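Take a look at the sequence and the 3D structure below. Keep both in view as you read.

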Amino acid sequence: MRGRKAKPTALKELEGNPGKRALNKKEPKPEIVIPSCPNHLKGVARQEWNRVTKELQKLKLIARVDRAALAAYCTAYKDYVDAENILKKQGVVIFSEKGGAYQNPWMGIKKRSMDQMVKFGAEFGLTPSSRVRLQVEVPTEQDEMAGFLFGNKNVKVKTKQ
């Protein structure tokens, strides 16, 4: 029996629990930490990993166990960029030896990659529709200073220049 996919409690809390249903108190809560980037991610995929993990950490939506799903997202992003670059060179329509026109196969790769990016991205709140319901509290200067003083190395304190 299939229905809607269950949302993690962290996402429900960020959305303000719109359904007002009881939140799962026994849901596993892995430590909020950026997992190590897999060695196979290179170039554009690694850049996307670095970009998106910082944002997910700010939202407290990332843990070590998310490594594989995030790697899949970054791989799909790389495939999308590769397809886009090849399509710029070859064009959307290519011609056979006999002169018949047909769609470049890289269009299919581009579309599949975009679909995968949206699918994996929605899991992390990376799409506009999955993010629109989130309510994130912005840390105050006092929170930032406390984080700096008490060992949260991810907090950056603004200094006047």
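This report goes from the overall layout to the core, one helix, the salt bridges and the surface.

## Overall layout

The model is predicted. The protein has six helices and two strands. Read from the N terminus, the order of elements is α-α-α-β-β-α-α-α. So the two strands sit in the chain with three helices written before them and three after.

Of the 161 residues, 27% count as buried. The accessible surface comes to about 12300 Å². Carbon and sulfur atoms hold 55% of that surface. Now take the contacts between residues at least 6 apart in sequence. Among these, 54% join residues at least 24 apart.

## The nonpolar core

How many residues does the largest nonpolar core have? The count is 17. The residues with the most contacts inside this core are Leu 41, Trp 49, Leu 56, Leu 61, Leu 70, Tyr 73 and Cys 74. Three helices each supply at least two of the core residues: α1 (9–14), α2 (43–58) and α3 (67–90). The largest share comes from α3, with five residues.

Leu 41 shows how such contacts look for one residue. Set aside its neighbours within four places in sequence. Leu 41 is then in contact with Arg 46, Trp 49, Ala 71, Cys 74 and Thr 75.

## Helix α3

Helix α3 has 24 residues. At 1.5 Å a residue, they should span 34 Å. The C-alpha atoms at the two ends of α3 are 34 Å apart, so the expected span and the model agree.

Which residues of α3 are buried? They are Leu 70, Ala 71, Tyr 73, Cys 74, Ala 76, Val 81, Ala 83 and Leu 87. The cover over these buried residues includes α2 and α4. After α3 comes Gly 91. The phi of Gly 91 is positive, near 90°.

## Helix α4 against α3

Ile 109 is in helix α4, which runs over residues 105–123. Is Ile 109 buried or partly exposed? Ile 109 has 26% relative accessibility, so it counts as partly exposed. Beyond residues up to four places away in sequence, Ile 109 touches Asp 79 and Ala 83. Asp 82 is 27 residues from Ile 109 in sequence. In space, their C-alpha atoms are 9.3 Å apart.

Lys 110 also lies in helix α4. Lys 110 is buried, because its relative accessible area is 18% and the cut-off for buried is under 20%. Leaving out residues up to four places away in sequence, Lys 110 touches Tyr 80, Ala 83, Glu 84 and Leu 87. Ala 83 is thus touched by Ile 109 and by Lys 110.

## Salt bridges

Side chains of opposite charge can pair when their charged atoms come close. The structure holds six salt bridges. One of them joins the side chains of Arg 64 and Glu 31, at 3.6 Å from N to O. Arg 64 lies in the loop between α2 and α3, and Glu 31 in the loop between α1 and α2, so this pair ties together parts that are 33 residues apart in sequence. Both residues, Arg 64 and Glu 31, are exposed.

Two other salt bridges lie within helices. In α2, Glu 48 pairs with Arg 51, and their closest N and O atoms are 2.6 Å apart. The two are three residues apart, so about one helical turn separates them. Glu 48 is buried, at 4% relative accessible area. Arg 51 is partly exposed, at 45%.

In α3, Lys 78 pairs with Asp 82. Their closest N and O atoms are 2.4 Å apart. Here the spacing is four residues, again about one helical turn. Lys 78 is partly exposed, with a relative accessible area of 30%. Asp 82 is partly exposed too, at 28%.

## A nonpolar patch on the surface

Which residues form a nonpolar patch on the surface? They are Val 92, Val 93 and Phe 95. Together they have about 290 Å² of accessible area. Val 93 is found in strand β1 (residues 93–95). With 45% relative accessibility, Val 93 counts as partly exposed.

Conventions
Residues are numbered from 1 along each chain as its sequence is written. This is a predicted model: local features need pLDDT of at least 70, side-chain atom pairs count only at pLDDT 80 or more; totals for chains, interfaces and linings use all residues. Side-chain values use heavy atoms; hydrogens and water are left out. Buried means under 20% relative accessible area, exposed over 50%, partly exposed in between (1.4 Å probe, protein chains only). Contact means heavy atoms within 4.5 Å. Patches are made of residues with over 30% relative accessible area and no salt bridge: like charges are joined within 9 Å, nonpolar side chains (Val, Leu, Ile, Met, Phe, Trp, Tyr) within 5 Å. Accessible areas come from the Shrake-Rupley method with a 1.4 Å probe; for residues, only the protein chains shown count as cover. A salt bridge is a side-chain nitrogen of Lys or Arg within 4 Å of a carboxyl oxygen of Asp or Glu. A nonpolar core is a set of buried Ala, Val, Leu, Ile, Met, Phe, Trp, Tyr and Cys residues joined through side-chain atoms within 4.5 Å. The expected span of a helix is 1.5 Å times one less than its number of residues.
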